[in-house]
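Work through the exercises below with the model open. Try each task before reading its solution.

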Amino acid sequence: MNNRYHLLTYLTGIIFLIASCKKDAEQPDAAPVISGLETEYYVLVREALVFNPTIENKVDSLVWIINGQRVANALQYTFQAPADPGNYSMIIMAYNAGNIFQKVVQITTGRYVNWSTTTNTILTIEASDKFTNNTDLHWEVLSAPSELYRLSASNSQAAFAAVDRGTYQVKVSSGNLVDTLLITVRRPDHLQSPYIAKVFDYLPAPGQFVNELPKYTAGDTYETMIAKVSKELVGEDANMITLGGWGGYVVVGFDHTIVNVPGRRDFRIQGNAFGANANPRPNAPFGGSCEPGVVMVAYDKNKNGQPDEDEWYEIKGSGNFSAENELWYSVAVDKNNDVRTFRDYEMIYHRPVTEIPVGDPQNHISISNYIRWTDNQGQEGYKIKNTFHSQSYYPAWIKDDKITYKGIRLAANGVEESGQGTYFVLYAFRYGYVDNYPNAHDNSGIDIDWAIDKNGNKVNLPGIDFVKVYNGIDQENGWLGESSTEVSRGENLHLLGTKIETINP
Ligand SMILES: [Ca+2]
Ligand SMILES: [Ca+2]
Ligand SMILES: [Ca+2]
Ligand SMILES: [Ca+2]
């Protein structure tokens, strides 16, 4: 018996053993089977763990052995963890006539490691000193009062953020070493707003709504224009601003970190996109007025409330590398659109030399050579001034005579569909932009897990504090004028209780 016991203690997991000591005259019993037990357990010191396994077939005796000592002979057993942490090897042996079945279970006991934070805030957690020499740490949330949280770990460090208050239990382990963390998430002192709380930067590129949305008045400066944009964008009752032509941007922030909940889209910045209701093209993909703004995100790593030294990540919208998978791609190719995608595009717009067409002080005709532009692809040309918008299209508070913009230039998505030059359909990219799908549509929601770094690698962000949006399209659409992204209310979807499943590109 003793030899057999020692042999078996070297084996882990489920061991099914039928002993060969058959009785001469009788049929042996069917072998007993124990199930409903894990191979590893973790319990806090001073707490009890009840083992109540499922047993199949006849069992004459169920013996419980801990670290070589027989502690019970019963169908269930309660392990009482002592005051000090430790590791235990428990063997459960089931006997009947002619058979022994054995299962080995490891029990680790430990203390809670306490952490505390507030809702919608990134908590950085270091594993305790006992893991110092381990490089294979595994982090796992054991229990949570809500599924709206994020745990992003890389070996000994993890970042945790939760939308809802409560107590979250997290297990850190490496081999036999285990810690259980108890993270208490409180409400912060100030109420958190689901909407944009601050505007940090604004520079539209020349366009037909510039100096109108918001309105420039003589004497306005960069600072007063930021204040005007703030008045439009901050809070629930937001209004539209324009980003102008390609490259024009706005940078906004929230008063908390938007948690990157796994499997869900996390925020939405509204625009004024809508679908065409009279597109003559049969079976056309979704399109109408879709003016995609490229999205960048950052979290406040140095926790100073400013998007300053924090790294910006690109939300990899569906067309950020190529438009070939967009449903309208072949339509745009047939119409001779410029469907190239430039990842590192630069464009310079020059101050216009005149605002009034020569010989036409009433502005009844357009100016075709209005704003000169050049790009880093060796191209150049002029932006047109149309007859519908007579104000200057060049941001009037800017003193420089030229402005340079940088970013991704998307494929031109606007197509004239009537054959008469009257019906322009700006087709939607599939996902990942602002002002590209109607605000109520799921595809206006952004998943922070779509973020990539400057090398194009996916990043594991626990959440974000800042959002930059810039117009990704450089296209003139006849009488409609240039594509210009509009930006309005920003929403943390989790705080508003809006659940939008993500799509995994
Ligand atoms: Ca997410
Ligand atoms: Ca728009
Ligand atoms: Ca910062
Ligand atoms: Ca527009």
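**Exercise 1. A strand and its neighbours**

Which residue of β15 does Y149 stand opposite?

Solution. This is a predicted model: local features need pLDDT of at least 70, side-chain atom pairs count only at pLDDT 80 or more, and totals for chains, interfaces and linings use all residues. Residues are numbered from 1 along each chain as its sequence is written, while chains are lettered from A and ligands numbered from 1 in the order in which they are written.

Step 1. Find the strands, which are DSSP runs (E, at least two residues) numbered from the N terminus. Strand β15 covers residues 157-162.
Step 2. Check the pairing, which requires that DSSP finds at least two bridges between two strands. β14 and β15 are antiparallel and share 6 bridges.
Step 3. Read off the partner: Y149 faces A162.
Step 4. Place the pair in its sheet. The sheet is open, with 3 antiparallel strands in the order β12-β15-β14. β12 (123-126) and β14 (149-154) are the edges; each has a single partner strand, so one side of each lacks a neighbour in the sheet.

**Exercise 2. The domain contact**

Determine how domain 2 meets domain 3.

Solution.
Step 1. Take the bounds, which come from an automatic or database domain assignment: domain 1 (2-109), domain 2 (112-186) and domain 3 (198-492).
Step 2. Count contacts (C-beta atoms, placed from the backbone, within 7 Å). In domain 2, 11 residues contact 10 residues of domain 3.
Step 3. Locate them. β14 and β15 each supply at least two residues to the side of domain 2 that touches domain 3.

**Exercise 3. The core**

Explain why the largest nonpolar core lies between two domains.

Solution.
Step 1. Define the core: buried Ala, Val, Leu, Ile, Met, Phe, Trp, Tyr and Cys residues joined through C-beta atoms within 7 Å. Buried means that 20 or more other C-beta atoms, placed from the backbone, lie within 10 Å of the residue's own.
Step 2. Find its centre of contacts. The core has 96 residues, and A162 and I464 are among those with the most contacts inside it.
Step 3. Trace the sources. Strand β20 (residues 249-259) gives the largest share, 7 residues. Domain 2 and domain 3 both contribute, so the core lies between them.

**Exercise 4. A hairpin**

Is strand β7 largely in the open or buried?

Solution.
Step 1. Count: of the 5 residues of β7 (residues 69-73), 0 are buried, so the strand lies largely in the open.
Step 2. Find its partner. β6 (residues 61-66) pairs with β7 in the antiparallel sense over 4 bridges, and V63 bridges to N73.
Step 3. Inspect the turn. The hairpin has 2 residues between its strands, and N67 takes a positive phi near 45°.

Technical notes
Buried ≥ 20, exposed ≤ 12 C-beta atoms within 10 Å, placed from the backbone. Contact = placed C-beta atoms within 7 Å.
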